[in-house]
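Let's take a walk through this structure together. Have the sequence and the 3D view open as you read.

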Protein chains: 2
Amino acid sequence: MILVNGLQSEHVRVFDRGLTYGDGVFRTLLVRAGHPLCWPRHYDKLYADCAALDIVCPPEAILAAEMAQLIAGYPLLNPLPRTGEEANVKGACFDLDCVLKVIITRGESQRGYAISAHMEPTRILMASPAPQYPANYLTDGVRLHLCSTRLAIQPLLAGIKHLNRLENVLARREWNNSEIAEGLMLDMDGNAIEGTMSNLFLLRGKTLHTPDLGRCGVAGVQRERIMDLAGRLGMTVRVENLPLARIYDADEVVLCNSIIGVWQARELAGKTWPTGKLAARLRSLLDDDGH
Amino acid sequence: MILVNGLQSEHVRVFDRGLTYGDGVFRTLLVRAGHPLCWPRHYDKLYADCAALDIVCPPEAILAAEMAQLIAGYPLLNPLPRTGEEANVKGACFDLDCVLKVIITRGESQRGYAISAHMEPTRILMASPAPQYPANYLTDGVRLHLCSTRLAIQPLLAGIKHLNRLENVLARREWNNSEIAEGLMLDMDGNAIEGTMSNLFLLRGKTLHTPDLGRCGVAGVQRERIMDLAGRLGMTVRVENLPLARIYDADEVVLCNSIIGVWQARELAGKTWPTGKLAARLRSLLDDDGH
């Protein structure tokens, strides 16, 4: 089910600058038991990303109402089974209704990059089935591919979850081994920045380190939550440049986003890590905080 | 008039990766007296850009047939007047029917950056009125804004006319003075690369210099033609890094694309150039070469 500017539709017009220039932003979030998780944070980020590009973000009330309409109408197909093993994994994605994707584009215009003062943004809300990752991604961690596609340095777009995502597309194209769950991306200077669809933390002693996203990368909501909450685990968080060697030297490495939750990295380019406790602790932390 | 995958339509589906990721490429070309100018070169570039992103480019015959259909159906509204002055300007855009834009996206997919082997590209052909720039842009040259938005270094995407165009959008947002025709963009290292919608040449003695587009920028068809033909004017062409100071030191600076033809730069950030002959000579060169 899809709503485009509040109406059921699967289409946008070809004049939409989201199509012609990737001129827009988006969010992806989970719906659990009818409740869009962490929506206030997602809306804040959507608003900030729109503002960074001078796009008029639709009011929260409009998006919330349309989300509710979408969720109410979404068919609860294939509810996930709760096996005994899964039920013991704290933070596993039970009772998931769907994934919501919210796209806001600058709206429609004729040819040309220039923006007029009267552009009406386009809002697109889509519900789709929650992905069903292998259960052992949570218990055992995941294997990572080290991407050769590097992230370009562009401070004006850094942190924004915008629609110019060709680097991610090229990076994801680098592997088709289904045993590899995610790819680690470096910037042009060799700093580890993020996964193709996730943010990155490493643990060293009692300090969580996460890459500085001031020059490239997407600053996700789960990253922000972990940064806000890590103190409860007695951890401090440092935001800094993390050359690849720092990843290999870490006690533990984890990836996070709003859909996967938190996954431990178990293998990267020949380096392996033993099963650690960080991913599970962070999942508990996020779950206990509520949404 | 618009054709989407050969059918009259103004719409694409919201699953199209052109919208969700900017995962596609495009061309913009002039139609004069029913003839799409330089189409073979445009198709070659479209094909090469698709190949660089591993997108299946539609066959030339299909696109050519759809262009012909579009052109035949395009209403010849508001034919441009030929004033005496304009008729004397070689290369002025007379007898223009319209501008054709061709977009090829990777096609549709569900959420996620991964590409499946079976994606059917989406082809979008749009005809729109030819822009009517002031006649003195051709006779007197144009004023340029020096953009503070820098182009990121990304060799994997450099040269490709892809749909990730937020940098151009941000750069074009920097001025709204209608007396400024174009903006000059530098890369992160301070090299002059291109206009927001055009390529760049400078003349120094008998040598044409044009920026190396191996790390960023869009390699346009008119730039390629000028590089191929400049020998006929007794000029040699050098492709190299051009720090901004090289622009200021140039005898003449010109901008080109398939819609504007060739414009001389008359002013950039306080620096002015006297009216030169290069733009007119390059227009003649391109016109005489045919299409």
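What follows goes from the contact between the chains to the domains of chain A, and then to a pair of helices. Keep in mind that this is a predicted model.

Start where chain A and chain B meet. Each side brings its share: 43 residues come from chain A and 43 residues from chain B. On chain B, you can find the elements that give two or more residues to this side by looking at β1 (2-4), β3 (11-13), α1 (17-21), β6 (96-105), β7 (122-128) and α6 (166-172). Which of these gives the largest share of the side of chain B that touches chain A? That's α6(B), with five residues. As for the kinds of residue on the side of chain B that touches chain A, 22 are nonpolar, 12 are polar and nine are charged.

Now zoom in on one spot between the chains. Strand β3 of chain A, residues 11-13, pairs with β3(B). The two run in the antiparallel sense, and three bridges join them. To see one of the partnerships, pick out R13(A): its bridge partner in β3(B) is H11(B).

Next, stay with chain A on its own. Its domain assignment gives domain 1, covering 2-128, and domain 2, covering 136-289. Measuring from one C-alpha centre to the other, these two domains of chain A lie 23 Å apart. Their contact draws 24 residues from domain 1 of chain A and 18 residues from domain 2 of chain A. On the domain 1 side, the elements giving two or more residues are β4 (24-32) and α2 (39-52) of chain A. The largest share of that side comes from β4(A), which gives seven residues. Sorted by class, the side of domain 1 of chain A that touches domain 2 has 12 nonpolar residues, along with six polar and six charged ones.

Last stop: two helices of chain A, α7 (residues 221-229) and α9 (residues 278-289). They pack at an angle of about 90°, and their axes are 10 Å apart. Angles of 65 to 115 degrees count as roughly perpendicular, so α7(A) is roughly perpendicular to α9(A). Which residues of α7(A) meet α9(A)? They are Q222(A), R225(A), I226(A) and L229(A). Across from them, α9(A) brings L282(A), L285(A), L286(A) and D289(A). By class, this contact between α7(A) and α9(A) has five nonpolar residues, one polar residue and two charged residues.

Note on methods: Residues are numbered from 1 along each chain as its sequence is written. Chains are lettered from A and ligands numbered from 1 in the order in which they are written. This is a predicted model: local features need pLDDT of at least 70, side-chain atom pairs count only at pLDDT 80 or more; totals for chains, interfaces and linings use all residues. Two residues are in contact if their C-beta atoms, placed from the backbone, lie within 7 Å. Helices (H or I, at least four residues) and strands (E, at least two) are DSSP runs, numbered from the N terminus. Ala, Val, Leu, Ile, Met, Phe, Trp, Tyr, Cys and Pro count as nonpolar, Asp, Glu, Lys and Arg as charged, and the others, Gly among them, as polar. Two strands pair if DSSP finds at least two bridges between them. Domain bounds come from an automatic or database domain assignment. Axes are lines fitted to C-alpha atoms, for helices over the stretch in contact, and angles run from 0 to 180 degrees between N-to-C directions. Angles under 35 degrees count as roughly parallel, over 145 as roughly antiparallel, 65 to 115 as roughly perpendicular and the rest as oblique.
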